[in-house]
Amino acid sequence: MIRILSTRSMHSESMKAAADAGIMISSCNMIRTTPLVSAQLRQSIQQGQRLVLTSVKAVESLQLNVPGERMPPLELYCIEGKTRELALKTFPQLQLKASAQHAVELASKMAEELANTHGKVLYPCGNQRRGELPEILLAAGIEVEEIMAY
């Protein structure tokens, strides 16, 4: 039997399906995140044009800082799945421009679409994040405003 330790909680259905396939999964929340209240985030959202979301945690932080009806109709670039689903459900006025399965793919789409626009994107993120997305965008001449949101 294969044994896996997941560092985040998992749904019982997923754990049962894995067990049925001979995989024993133990889950334990080892990483805790807390949405931050941020005047800088609220101000940047109101002045922004484009928003990039790479996690549900970023959407939850936006919910805390910008009530749904106060979110302007920004262009949205985000990760597919739960992040995109929650973002569009919570903020239906956002205009989805592109989505992708992971940040590198999303950044590549954004770099292609926003090339030569000298655009700027708002990137609410955690204090620990991967660097590929901002690196790809900066290399394409797109300014990235990173704001710690959780």
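This briefing walks through the overall layout, one helix pair, the largest pocket and the salt bridges of the protein above. Please keep in mind that the model is predicted. The protein has six helices and seven strands, and its largest pocket holds about 1,300 Å³ of space. Helix H3 turns up under several of the topics below, so its residues are worth keeping on screen.

**Overall layout**
- Starting at the N terminus, the elements follow the order β-α-β-α-β-α-β-α-β-α-β-α-β.
- The C-alpha trace spans about 55 × 30 × 25 Å along its principal axes.

**Helices H2 and H3**
- Helix H2 covers residues 39–47 and helix H3 covers residues 56–65.
- Their axes come within 10 Å and cross at roughly 90°.
- Angles of 65 to 115 degrees count as roughly perpendicular, and H2 and H3 are therefore roughly perpendicular to each other.
- On the H2 side, Leu-41, Arg-42 and Ile-45 make the contact, while H3 brings Ser-61, Leu-62 and Asn-65.
- Sorted by class, this contact between H2 and H3 has three nonpolar residues, two polar ones and one charged one.

**The largest pocket**
- How many residues line the largest pocket? Its lining is made up of 31 residues.
- Nearest the centre of the pocket lie Arg-8, Thr-33, Ser-55, Lys-57 and Tyr-150.
- Elements that give two or more residues to this lining are H3, H4 (82–90), H5 (103–114) and H6 (132–139).
- H3 supplies the largest share of the lining, with three residues.
- If you like to think in residue classes, the lining has 10 nonpolar, 12 polar and nine charged residues.

**Salt bridges**
- Searching the whole structure turns up six salt bridges.
- One salt bridge joins the side chains of Lys-57 and Glu-60, at 3.7 Å from N to O.
- Where do these two partners, Lys-57 and Glu-60, lie? Both are in helix H3, three residues apart, which is about one turn of the helix.
- Lys-57 also links two topics here: this residue is among those nearest the centre of the largest pocket, and its side chain meets that of Glu-60 in the salt bridge.

Methods. Residues are numbered from 1 along each chain as its sequence is written. This is a predicted model: local features need pLDDT of at least 70, side-chain atom pairs count only at pLDDT 80 or more; totals for chains, interfaces and linings use all residues. Side-chain values use heavy atoms; hydrogens and water are left out. Axes are lines fitted to C-alpha atoms, for helices over the stretch in contact, and angles run from 0 to 180 degrees between N-to-C directions. Helices (H or I, at least four residues) and strands (E, at least two) are DSSP runs, numbered from the N terminus. Angles under 35 degrees count as roughly parallel, over 145 as roughly antiparallel, 65 to 115 as roughly perpendicular and the rest as oblique. Contact means heavy atoms within 4.5 Å. Ala, Val, Leu, Ile, Met, Phe, Trp, Tyr, Cys and Pro count as nonpolar, Asp, Glu, Lys and Arg as charged, and the others, Gly among them, as polar. On a 1 Å grid over the protein atoms alone, a cavity is a set of points where a 1.4 Å probe fits but cannot get out, and a pocket is an open set with protein on both sides within 12 Å along at least five of seven lines; lining residues have an atom within 4 Å of a point. Grid points are joined across faces, edges and corners, and a volume is the space filled by probe spheres set on the points. A salt bridge is a side-chain nitrogen of Lys or Arg within 4 Å of a carboxyl oxygen of Asp or Glu.
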